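Student: Could you walk me through this model? I'd like to start with the basic vocabulary and then look at the details.

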There are 2 protein chains.
Amino acid sequence: MSEHRDAMERTAGMVLVISGPSGSGKGTVIEILRGLAPNLGLSVSATTRAMREGEAEGVNYYYKTREQFEELIAEGGVLEYTIYNGNYYGTLKSEAERILDAGQDLVLEIEVDGAGQIKRLMGDRATTVMLIAPSAEEQERRLRGRGTEDDDVIAARVKRAREEIKEAPKYDYVAVNETDRAEECARDILSIIRAEHMRSDRMMTYIHDYFDDDEI
Amino acid sequence: MSEHRDAMERTAGMVLVISGPSGSGKGTVIEILRGLAPNLGLSVSATTRAMREGEAEGVNYYYKTREQFEELIAEGGVLEYTIYNGNYYGTLKSEAERILDAGQDLVLEIEVDGAGQIKRLMGDRATTVMLIAPSAEEQERRLRGRGTEDDDVIAARVKRAREEIKEAPKYDYVAVNETDRAEECARDILSIIRAEHMRSDRMMTYIHDYFDDDEI
């Protein structure tokens, strides 16, 4: 009997980019997805903040100077980044490639306007998913339900979310996070990962190996 | 709480075309898939054989004259057909569309050279999967294992299967049916159906409905 290999383990890894406006429930869904997906790599981020005691290069972060980080951004070496407390934090393209080449997948949570950039830098190796609430009404209800923000802040978030959802056609997939169904939604996204690994263009190496010669 | 709707029920149906050379285990996998897939329609075939007692139009078959059937073939109204005992049997495009428009999916088992035709006739509504054994060796072992054919017949089937697998790049997906893992393979194909329903182009109607107005 041949050793069983899951569909996700037959081909090189892929970057799964997940974006979702406020109220989509992105955090919960991604947390569940990380527990379910069998072959996820963890990327070490790069930062310009100083190394702290007990930290190590390539373990906690890749430590860069501001000049290095900005040069990397300029040359397309950074998939996504943010600035926090005056320091850059981001995901290096080289780090993503290391994980993918090792046959693992990478899940990245990215702002709506950053997903296109990853698609440009990673090409076919990136698959993008927009996560949405089942309706604009429900999404607004979720935002209000938090109860910690005043009406102006909520109204601004609702407006921004509406604008973001209009970007859905630029994504490869749209996943709907029904209320109280976060696990179902995570499994939907898992199906996307599983299916994407079976795309015939990704399977060509496998097809080559199918025969023991160079017939194809 | 909103009513839960599965990813497969949010969008219009799709035709899933499955082809697999001898030894791929196609029959078993499709049988399991039919048990697992939640939203499959059953298409009534068309035939030129005479109606028998107790049969009814549109229940057992759509009954056509030879002239009608051949005209339908000529005008692209037949997705696939075969001739058995001098009669045509086939799947009408109109029947497939009826099922898809009702929001159900349709699984069709099609010879390798017929899958392209369905893609041409159904466009984006058809998704094609080639099912293969894990290796040429294993596929040959399966063919020999049946033990009912002589060596010449087996050699011809092996040769034909090799030719067929070279068509894999023309398919959307390639699913590997590992030995003794037919259910796993059926679940892989189920992931394809689930993922395809989430493709952003298929989700556009949903996105329109997301807002209660014509914003997008």
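Tutor: Helices and strands here are DSSP runs, numbered from the N terminus, where a strand needs at least two residues. Please keep in mind that this is a predicted model.

Student: OK, so where does B:Leu79 lie?

Tutor: B:Leu79 belongs to strand 4 of chain B, which covers residues 78–84.

Student: And is B:Leu79 buried or exposed?

Tutor: A residue is called buried if 20 or more other C-beta atoms lie within 10 Å of its own. B:Leu79 counts as buried because it has 25 C-beta neighbours inside 10 Å.

Student: Which residues is B:Leu79 in contact with, leaving aside its neighbours within four places in sequence?

Tutor: With those neighbours set aside, B:Leu79 is in contact with B:Thr91, B:Lys93, B:Ala96, B:Leu108, B:Ile118 and B:Leu121. Another residue, B:Val15, touches B:Ala96, B:Leu108 and B:Ile118 among others, again not counting residues up to four places away in sequence.

Student: What about the nonpolar core, how many residues does the largest one have?

Tutor: The largest nonpolar core has 106 residues, and those with the most contacts inside it are A:Val15, A:Val17, A:Val129, B:Val15, B:Val17 and B:Val129. Helix 7 of chain B, residues 182–198, gives the largest share of this core, with eight residues.

Student: Switching to helix 5 of chain B, which of its residues are buried?

Tutor: In helix 5 of chain B, which runs over residues 136–145, the buried residues are B:Ala136, B:Gln139 and B:Leu143. These residues lie on the same side of helix 5 of chain B, because they cover an arc of only 65° around the axis.

Student: And what covers the buried residues of that helix?

Tutor: The cover includes helix 6 (151–165) of chain B and, from the other chain, helix 8 (204–210) of chain A.

Student: So how many residues does each chain bring to the contact?

Tutor: Chain A brings 40 residues and chain B brings 40 residues. On the side of chain A that touches chain B, the elements giving two or more residues are helix 5 (136–145), strand 8 (173–176), helix 7 (182–197) and helix 8 of chain A. The largest share there, five residues, is from helix 7 of chain A. Sorted by class, that side of chain A has 22 nonpolar, six polar and 12 charged residues.

Student: How are the two chains related?

Tutor: Chain A is superposed on chain B by a rotation of 180° with 0.0 Å of shift along its axis, at an RMSD of 0.0 Å. The two copies are therefore related as by a two-fold rotation axis. Both copies use the same surface, since 100% of the contact residues of chain A recur in chain B.

Student: Which residue of chain A comes closest to the rotation axis?

Tutor: That is A:Ser191, whose C-alpha is at 2.3 Å from the axis.

Student: Last topic, what domains does chain A have?

Tutor: The domain assignment gives domain 1, made of 1–41 + 105–208, and domain 2, made of 42–103. Between these domains of chain A, 14 residues of domain 1 are in contact with 13 residues of domain 2. Helix 4 of chain A gives the most to the domain 1 side of this contact, with four residues.

Technical notes:
Residues numbered from 1 in each chain as written. Chains lettered and ligands numbered in written order. Predicted model: local features only at pLDDT ≥ 70, side-chain atom pairs only at ≥ 80, totals over all residues. Buried ≥ 20, exposed ≤ 12 C-beta atoms within 10 Å, placed from the backbone. Contact = placed C-beta atoms within 7 Å. Arc of directions from axis to C-beta. Nonpolar A, V, L, I, M, F, W, Y, C, P; charged D, E, K, R; others polar. Core = buried A, V, L, I, M, F, W, Y, C linked by C-beta atoms within 7 Å. Least-squares fit on C-alpha atoms with pLDDT ≥ 70 in both. Domains from an automatic or database assignment.
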